[in-house]
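Student: I have this model open and would like a close look at one helix and the loop that comes after it. Please start with the overall fold, and then place that part within it.

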Amino acid sequence: IGYEVIRDKKPQLTISELHKALEAFHEKQLITPTACGAGIWSSGESSKYIPSKEPEKEIQQRLINSLFGWFRGLAIVEGEDTVLKGRIDVRILAQPTDVSDEGLKYWTIIELKVARSYFSSGKAYPKATLISDIVKGVGQANEFTLDRQVKEGFLEIYDMRKDKSENLLVCSDVKSRMEQCSNKINATVRPMYGSSEDARVAGYI
């Protein structure tokens, strides 16, 4: 992961800073089962890569807390916002740059998806369903940016699969849907490992 850095000045509310915040959240809170804590992996079965029943919701709340702390005083970070197009997983609100506008405005949105090898029952998760989930996530992120009138959005894919050799973002269906987006969608696949040994072999610790 590299050296720890203690910030000596207040961060700016920028897209590049949000990229840093998302990367730090992933590295500090999701890489290994120990970092995750309870609730994301099925208890005692992380080494088998079996997730909990609702890993996405567990990750969502941790992400909201992390981003709220990161951008404290600059933005409000909230989840579960229902709009006409569906439910936004994470929204970031900030004061508009135009001083004539009142109230907080949408700054960006973050859509979350979990890629998995298994259901919490241990049954294999169908690959076709997994790809469909990611394609849906791309579409949702695009629709939400349009609905909330933000220039670009984020799709965070947390990869809990045992076999991570296939890059989900280069699958033909996913690439095709990305190319259809009206706005820029920053899509990133972030690996999660079922054991510290697996994370070490992958070069993360």
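**From the fold to helix α4 and its loop**

Tutor: Happy to. Reading along the sequence, you meet the elements in the order α-α-α-β-β-β-α-β-α-β-α. The radius of gyration, taken over C-alpha atoms, is 17 Å, and the globule rule (2.2 Å times the number of residues to the power 0.38) also gives 17 Å for 205 residues, so the chain is as compact as a globular protein of that length. In total there are six helices and five strands; these are DSSP runs numbered from the N terminus, with H or I over at least four residues for a helix and E over at least two for a strand.

A word on the basis: this is a predicted model, where local features need pLDDT of at least 70 and side-chain atom pairs count only at pLDDT 80 or more, while totals for chains, interfaces and linings use all residues. Residues are numbered from 1 along each chain as its sequence is written, and side-chain values use heavy atoms, with hydrogens and water left out.

Along the principal axes, the C-alpha atoms fill a box of roughly 55 × 40 × 25 Å. Buried residues, meaning those under 20% relative accessible area with a 1.4 Å probe and protein chains only (exposed is over 50%, partly exposed in between), account for 45% of the 205 residues. Contact here means heavy atoms within 4.5 Å; of the contacts between residues at least 6 apart in sequence, 66% join residues at least 24 apart.

Now to your helix. Helix α4 runs over residues 127-147, and its 21 residues should span 30 Å at 1.5 Å a residue, which agrees with the 30 Å between its end C-alpha atoms; the expected span is 1.5 Å times one less than the number of residues. One residue to pick out in α4 is Glu143, which is partly exposed because its relative accessible area is 28%. From Glu143 to Val170, 27 residues away along the chain, the C-alpha separation is 21 Å.

After α4 comes Gln149, which has a positive phi near 55°. Val150 then sits in the loop between α4 and β4. Although Val150 is a loop residue, it counts as buried, because its relative accessible area is 5%. What does Val150 touch, residues up to four places away in sequence not counted? Its partners are Tyr106, Trp107, Thr108, Thr145 and Asn183. Among these, Tyr106, Trp107 and Thr108 fall within the 105-115 range of β3, and Thr145 falls within α4 itself. Val189, 39 residues away in sequence, has its C-alpha 22 Å from that of Val150.

For contrast, look at another loop. Gln95 lies between β2 and β3, and its relative accessibility of 58% is why it counts as exposed. Beyond neighbours within four places in sequence, Gln95 is in contact with Gly103 and Leu104.

Another helix makes a useful companion to α4. Helix α1 (residues 15-29) has 15 residues and reaches 21 Å from first C-alpha to last, close to the 21 Å expected. Its buried residues are Glu17, Leu18, Ala21, Leu22, Phe25, His26 and Glu27. An α-helix has 3.6 residues a turn, so residues three or four places apart point the same way. The buried residues of α1 pack against α3, β2, β3, β4 and β5. Strand β3 therefore appears both in this packing and among the partners of Val150.
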